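Work through three short exercises on the structure below. Try each task before reading its solution.

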Amino acid sequence: MKFLIVDDHAVLRTGLTALLRQARPLDVVLEASNGREGLEVARLHPDLDAIFLDLEMPGMHGMPAIEQFGRQHPNLPVIVLSSSENPVDARRALAAGALGYIPKSSSSKNILSALQLVLQGCVYVPPLVLGSTPTAPETTAASKAPAADPQLTDRQIEVLRLIERGLSNKEIGLALNLSEKTVKVHVTGIFRALNVVTRTQAASEARTAGLV
């Protein structure tokens, strides 16, 4: 697999690169020092599997960078790796389209576990968000209503129906004769369209919207 780390701190990039290469020796890890450079690297490497993105960087940073990656690479998972442990920042990042939020204080094990969850088509929500109470006007992606008319493809609806039945990505791939990676791309698109962050929420919103 191929990953991109976007962070203006070289020490952080080096450390995360070393962690990924130690845990996943066959993977390729690319680096960029800011959002604009990261977008260019992503353009040159359309086969990226995930991006680690810092919130605080010079130039394009934070939420605008998440949204820009989402527009230019809608099927590419963005994982925020931030020094901020403020639940508001985490909720905003998830609402902007990130599929994971990892505090930089997290252990190596937690970082790798979060990555694995995202690669499986899930969303990693840190305990600091799960254990906090949102205050207006900030809301989590999970608490926001989906679009009135979610734009899903026929294939995404097929995948959504199997998610609602509780099937894993691997089981969905076998049922629809798709690769697991392709299923993950569809799951990511479904989450964005329904504005949710978990499979349970996707199934619930699908039932509410009459999609399954």
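Helices (H or I, at least four residues) and strands (E, at least two) are DSSP runs, numbered from the N terminus. The model is predicted: local features need pLDDT of at least 70, side-chain atom pairs count only at pLDDT 80 or more, and totals for chains, interfaces and linings use all residues. Residues are numbered from 1 along each chain as its sequence is written, and side-chain values use heavy atoms, leaving out hydrogens and water.

**Exercise 1.** Place Asn169 and decide: is Asn169 buried or exposed?

Solution. Asn169 lies in helix H8, residues 169-176. Buried means under 20% relative accessible area, exposed over 50%, partly exposed in between (1.4 Å probe, protein chains only). The relative accessible area of Asn169 is 4%, so Asn169 is buried.

**Exercise 2.** Which residues does His73 touch, not counting those up to four places away in sequence?

Solution. Start with the place: His73 sits in the loop between helix H3 (62-72) and strand E4 (78-82). Contact means heavy atoms within 4.5 Å. On that basis His73 touches Leu39, Ala42 and Arg43. Leu39 is 34 residues from His73 in sequence, yet their C-alpha atoms are 9.1 Å apart.

**Exercise 3.** Which residues of H7 meet H9?

Solution. First locate the pair: helix H7 covers residues 154-164 and helix H9 residues 180-194. From H7 come Arg155, Gln156, Val159, Leu160 and Ile163. Their partners in H9 are His186, Val187, Gly189, Ile190 and Leu194.

Methods
Axes are lines fitted to C-alpha atoms, for helices over the stretch in contact, and angles run from 0 to 180 degrees between N-to-C directions.
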